[in-house]
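Let's work through a protein together, one question at a time. Have a look at it first, then try each question before you read the reply.

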Amino acid sequence: MKKILLSLLVLVVGFDSSAKQPTTSLDITDTALCTAAAMKSQRFNVYDIWANELHNRYALIFSQKSQKELDEYTTERIFDKKRALERKGYTTKPAFLKFYNQNCKGFEPK
C-alpha cells in the first residue's frame, strides 16, 4: 500500500527533472517539513512548488541517484516529516494549515 501511495504521489507531483539552485532560505529539513505541511493542509498548488524545491535540493546533494531514486527518496522524506508533525500533535487539516501559515508561508519557494 505504501509503495502505491508513493508512486501516486510522484505521478501527481511530476517532479521537475532539472536540478536548480534553492529558491527558499529554509534549510533542507525545514523545506521537507513545509512540504509535508502543504501536502496535509491540502494546498496542492503550493505543495507542488514545495515538492519541486525539495526534489531539486536532493538532486543537488545526490547527483549520482537516478531520477526514479530521487523521486522515491523525496517522497519518502515528505512522508517522514508528515509523521514527525503528527507525532507533535498536528493531525488535522486545520492544524497542518496553522503550522504552514506560522512556519512556512513567508518562505515559499519562488
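Q: Is Glu53 buried or exposed?
A: This is a predicted model, and we can go by its relative accessible area. For Glu53 that area is 4%. Anything under 20% counts as buried, so Glu53 is buried.

Q: Which side chain does Glu53 meet in a salt bridge?
A: Here's the general idea: side chains of opposite charge can pair when their charged atoms come close. Glu53 has a partner four residues away in helix α3, which puts the two about one helical turn apart. That partner has a relative accessibility of 10%, so it counts as buried. The N to O distance is 3.6 Å, and the partner is Arg57.

Q: Which residues are joined with Asp80 into one network of salt bridges?
A: Asp80 meets Arg77 at 2.4 Å, N to O, and it meets Arg83 at 2.4 Å too. Each of these partners sits three residues from Asp80 in helix α4, so about one helical turn away. Salt bridges that share partners make the network, and the residues joined with Asp80 are Glu76, Arg77 and Arg83.

Q: How are the rings of Trp50 and Tyr100 arranged: stacked or edge-to-face?
A: A pair of aromatic rings is described by the distance of the centres and the angle of the planes. For Trp50 and Tyr100, the centres are 6.4 Å apart and the planes are at 85°. Planes over 60 degrees apart count as edge-to-face, so this pair is edge-to-face.

Q: How many residues apart in sequence are the parts that Trp50 and Tyr100 tie together?
A: Trp50 belongs to helix α3 (residues 44-61), while Tyr100 belongs to helix α5 (residues 93-103). So their pair ties together parts of the chain whose separation in sequence is 50 residues.

Q: Which residue forms one aromatic cluster with Tyr58 and Tyr73?
A: Start with Tyr58 and Tyr73, whose ring centres are 4.9 Å apart with planes at 85°, so they are edge-to-face. The third member has Lys65 over its face, at 5.4 Å from the ring centre. The residue that completes the cluster is Phe62.

Q: Where in the protein is confidence lowest?
A: The protein averages a pLDDT of 84, and helix α4 (residues 67-87) has the highest confidence, at a mean of 96. Over residues 3-13, though, pLDDT stays under 50. Confidence is lowest, at a mean of 46, in helix α1 (residues 2-13).

How values were computed: Residues are numbered from 1 along each chain as its sequence is written. This is a predicted model: local features need pLDDT of at least 70, side-chain atom pairs count only at pLDDT 80 or more; totals for chains, interfaces and linings use all residues. Side-chain values use heavy atoms; hydrogens and water are left out. pLDDT is the predictor's confidence in each residue, from 0 to 100. Contact means heavy atoms within 4.5 Å. Rings of Phe, Tyr and Trp (its six-membered ring) pair if their centres lie within 6.5 Å; planes under 30 degrees apart count as stacked, over 60 as edge-to-face and the rest as tilted. A charge sits over a ring if NZ of Lys or CZ of Arg is within 6 Å of the ring centre and within 35 degrees of the ring normal. A salt bridge is a side-chain nitrogen of Lys or Arg within 4 Å of a carboxyl oxygen of Asp or Glu. Buried means under 20% relative accessible area, exposed over 50%, partly exposed in between (1.4 Å probe, protein chains only).
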